[in-house]
Amino acid sequence: DEPLDLTASPLSQAEEFLRKRAAKVDAGKRAEAEENYEAAAIARREAAGLIEQYYGADSWHLRTAQAACARSDRLAAMNAADRQRYASLRELRARRDTAWSAAKFAEAIEFARQCAAHSEALWGAHIETAGDCNRWGQMLVMGGDFQTAETVLAHCMKLRQEHLGNENPETITTMTVLAEVMREAGRVESGAPLLREAAELGRKTWNNEGAELAAVLLAWGRCAAQLEQTEEAVQALLESSSLYRELPAEYRGRYGEAMHELGRTRKRGAEYRQAWEAFIAAHEAWSEVFGEEDPRTLAVATELGAMELALGMNAEAEARFTHVAEARFRLKGADHPEYAASLHDVAVALGNQGKYTAAEPLLREALAIQEAHFGPEHAVVAETLETQAALFEAVNRPEEARAAAHKARTIRTRGNSFEGR
């Protein structure tokens, strides 16, 4: 083939490069599917030559192409026994993917383990092994086995760093998933350096755009927020949400997730106006994607109402909490603790407006539900008693106020759980 015309305009160069590279990659795939590994190796070497011309000798694109060439060369050099082992590996992969698609998760995870073991035996410390380890690790994460997933993904990351380099998208994605596994296992500080590095590398690799970078920045922002590195968290979450906002509608839910996390981070920093704005955006996005009565949408509506209370927007908070309470009544029933929590929220908003007569029966109803569900000495009950005591004080009923406050203090002193609110 003739080399690329590097005297043409940048757009013409790009079009020519993409056309020629696609032709070589497709030729390599066809040849491999036909088990003509020698032809596949030739096509991939030609594709690598085009990539070196276009991106240069130091690009991650070339390292990726070179890894593909090494794989094809290895296949071409295999003896009959190894080719049979490779055929068996491909069959295992098909069974793995079929089981996963059929929701036979335990079976799929076992096939994935076997794929990784067969790949290690056949390929050794090779990028092909990394692919099978990555698939196994991802399945383990979905299955909740974070301890094994961490070991498998760490091995995958090491192989990808060695063969593809740190700036390769696959390496960055593996770093991100591994760090998220550490976070899920409660080891946020261990995963933080990986996520920070992934974010820095991702900005360069993806040229500050795209869904892949948005996902990495969201993960890093969430991690930084947990570590109370507020400035870094806000920056990453603002970048992530901005990227998601520019993407197609299928990413609208992820935009809402980034804005929700940003709202929580702003709230922890007592930046209530900025938190309210972020929660508004998250609520709008999730209402569109999941519906107004989806549990996720109702949860962010509750957080939005809390910010309205903090900003003195009590009428707005009352309306929002009332909507959530009505939805939870329909979805959960009249004896559910989430409905009781919403009744409590409405009562607080009413009390802030001096509407004590309307607030009092809501608190009684909330208290009855909570005592029946959690028991009379749970910390959720104490919170409602404290609100009730404040209401009694406001309407000049001191004895009832003292009784409710005393009962709440007794519960707090005993240190009962606050889970379930």
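The following paragraphs go through the pockets and the aromatic contacts of this predicted model.

The largest pocket encloses about 670 Å³ of space. Its lining is made of 22 residues, and those nearest the centre are Arg 44, Thr 64, Ala 65, Ala 68 and Glu 170. Six helices give two or more residues each to this lining: α1 (10–33), α2 (37–55), α3 (60–77), α6 (127–143), α7 (146–164) and α8 (169–184). Of the elements, α3 contributes the most, with seven residues. By class, the lining of the largest pocket comprises eleven nonpolar, seven charged and four polar residues.

The second largest pocket holds about 360 Å³ of space. Here 18 residues form the lining, with Thr 176, Val 177, Glu 180, Ala 219 and Arg 254 nearest the centre of the pocket. At least two lining residues come from each of α6, α8, α10 (211–226) and α12 (252–268). The largest share is that of α8, which supplies seven residues. Eight of the residues lining the second largest pocket are nonpolar, seven are charged and three are polar. Two helices, α6 and α8, appear in the lists for both pockets.

The aromatic side chains come next. Nine aromatic pairs are present in the structure. One of them joins Phe 17 and Tyr 54, whose rings are stacked, with 4.3 Å from centre to centre and 0° between the planes. This pair connects distant parts of the chain, since Phe 17 belongs to helix α1 and Tyr 54 to helix α2, with their positions 37 residues apart in the numbering. Both α1 and α2 are also among the helices that line the largest pocket.

How buried or exposed are the two partners? Phe 17 has a relative accessibility of 1% and therefore counts as buried, the cut-off being under 20%. Tyr 54 has a relative accessible area of 28%, so this residue is partly exposed. The stacked pair thus joins a buried ring to a partly exposed one. Ring pairs also bring in Tyr 55, and Phe 17, Tyr 54 and Tyr 55 together make up a cluster.

A further ring contact involves a charged side chain. Arg 296 sits over the face of Phe 290, at 3.7 Å from the centre of the ring.

Conventions:
Residues are numbered from 1 along each chain as its sequence is written. This is a predicted model: local features need pLDDT of at least 70, side-chain atom pairs count only at pLDDT 80 or more; totals for chains, interfaces and linings use all residues. Side-chain values use heavy atoms; hydrogens and water are left out. On a 1 Å grid over the protein atoms alone, a cavity is a set of points where a 1.4 Å probe fits but cannot get out, and a pocket is an open set with protein on both sides within 12 Å along at least five of seven lines; lining residues have an atom within 4 Å of a point. Grid points are joined across faces, edges and corners, and a volume is the space filled by probe spheres set on the points. Helices (H or I, at least four residues) and strands (E, at least two) are DSSP runs, numbered from the N terminus. Ala, Val, Leu, Ile, Met, Phe, Trp, Tyr, Cys and Pro count as nonpolar, Asp, Glu, Lys and Arg as charged, and the others, Gly among them, as polar. Rings of Phe, Tyr and Trp (its six-membered ring) pair if their centres lie within 6.5 Å; planes under 30 degrees apart count as stacked, over 60 as edge-to-face and the rest as tilted. Buried means under 20% relative accessible area, exposed over 50%, partly exposed in between (1.4 Å probe, protein chains only). A charge sits over a ring if NZ of Lys or CZ of Arg is within 6 Å of the ring centre and within 35 degrees of the ring normal.
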